[in-house]
Amino acid sequence: MNGSSVAAFFQQLSRTSIHLRNMSSAFPVTAAIQEKLTAAFEPTHLDVINESHMHNVPKNSETHFKVVVVSSQFESVKTPIQRHRLINAALAKELEGPVHALSIVAKSPSQWEKNQVISASPSCKGGDGSLPKRNG
């Protein structure tokens, strides 16, 4: 790598770092989920998808999520329920508070390599009325 390539790399890294800091202040629950799942599973692929907009909640809510976690740790954890329990444990604080619903896709790298299709989440059916109403 020459001097200009190194400078360009660090400039891009700085922009990425600023973007992540801004995201964590604007969407703290999303950032916390991403950080905790990264620390717990060292995923080769991670998607944290805020699906709150699909539900009857205020704009910019962070209450409904889908996570896609691909980790070599899941090679030895064979059943989906065991994988889900591990993810739920990593996100226990979020599930006690701001997160109302969590959809989980947990795959090993070999499973992900064979099938990267993630099903769309269903439309909201109105819920049980326990969440604040959408405004706007």
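**Figure 1. Strand β2 is covered on both of its faces.** In this predicted model, the residues His64, Lys66, Val68 and Val70 on one side of β2 are all buried, as are Phe65, Val67 and Val69 on the other. The strand is thus shown as mostly covered, with seven of its seven residues buried. Strand β2 spans residues 64-70. For the chain as a whole, buried residues account for 29% of the 136 residues.

**Figure 2. Three strands form an open sheet.** The strand order is β1-β2-β3, and the pairing is mixed. The edge strands are β1 (45-50) and β3 (101-107), each of which pairs on one side only. Direction ignored, neighbouring strands of the sheet are turned by 10 degrees against each other on average. Strands of a sheet pair through backbone hydrogen bonds, either parallel or antiparallel. Both arrangements appear in the next two views.

**Figure 3. Strands β1 and β2 run antiparallel.** Six bridges join β1 to β2. Two of the bridge partners may be followed residue by residue. Isoleucine 49 has lysine 66 as its bridge partner in β2. Valine 48 has valine 67 as its bridge partner in β2. Lysine 66 and valine 67 belong to opposite sides of β2, and both residues are buried.

**Figure 4. Strands β2 and β3 run parallel.** Seven bridges join β2 to β3. The bridge partner of valine 67 in β3 is isoleucine 104, and that of valine 68 is valine 105. Valine 67 also has a bridge partner on the other strand, since valine 48 is paired with valine 67 in β2. Five of the seven residues of β3 are buried, so this strand is largely enclosed by the rest of the structure.

**Figure 5. Helix α3 packs on the sheet.** Helix α3 comprises residues 80-90. This helix touches β2 and β3, and its direction makes about 125 degrees with that of β3.

**Figure 6. Helices α2 and α3 pack against each other.** Two packed helices are described by the angle between their axes and the distance between the axes. Helix α2 (residues 28-41) and helix α3 (residues 80-90) pack at an angle of about 125 degrees, and their axes are 9 Å apart. The two helices are therefore oblique to each other. The crossing of α2 past α3 is right-handed. From α2, the residues Lys36, Leu37, Ala40 and Phe41 take part in the contact, and they meet Leu86, Ile87 and Ala90 of α3. By class, this contact of α2 with α3 has six nonpolar, no polar and one charged residues.

**Figure 7. Two loop residues have a positive phi.** Most residues other than glycine have a negative phi, and most peptide bonds are trans. Glutamate 42 has a positive phi of about 40 degrees although it is not a glycine. This glutamate is found in the loop between α2 and β1. With a relative accessible area of 62%, glutamate 42 is exposed. Asparagine 60, which is not a glycine either, has a positive phi of about 65 degrees. Its place is the loop between β1 and β2. Asparagine 60 counts as exposed at 59% relative accessibility.

**Figure 8. Serine 123 and methionine 54 are brought together from separate parts of the chain.** Their C-alpha atoms are separated by 6.6 Å, although the two residues are 69 residues apart along the chain. Serine 123 is placed in the segment after α5 (109-114). With a relative accessible area of 56%, serine 123 is exposed.

**Figure 9. The chain contains five helices and three strands.** From the N terminus on, the elements run α-α-β-β-α-α-β-α. Among contacts in the chain between residues at least 6 apart in sequence, 65% join residues at least 24 apart. The contact of α2 with α3, shown in Figure 6, includes Leu37 of α2 and Leu86 of α3.

Note on methods:
Residues are numbered from 1 along each chain as its sequence is written. This is a predicted model: local features need pLDDT of at least 70, side-chain atom pairs count only at pLDDT 80 or more; totals for chains, interfaces and linings use all residues. Side-chain values use heavy atoms; hydrogens and water are left out. Axes are lines fitted to C-alpha atoms, for helices over the stretch in contact, and angles run from 0 to 180 degrees between N-to-C directions. Helices (H or I, at least four residues) and strands (E, at least two) are DSSP runs, numbered from the N terminus. Angles under 35 degrees count as roughly parallel, over 145 as roughly antiparallel, 65 to 115 as roughly perpendicular and the rest as oblique. A crossing is left-handed if the near helix is turned anticlockwise from the far one by less than a right angle, and right-handed if clockwise. Contact means heavy atoms within 4.5 Å. Ala, Val, Leu, Ile, Met, Phe, Trp, Tyr, Cys and Pro count as nonpolar, Asp, Glu, Lys and Arg as charged, and the others, Gly among them, as polar. Two strands pair if DSSP finds at least two bridges between them. Buried means under 20% relative accessible area, exposed over 50%, partly exposed in between (1.4 Å probe, protein chains only).
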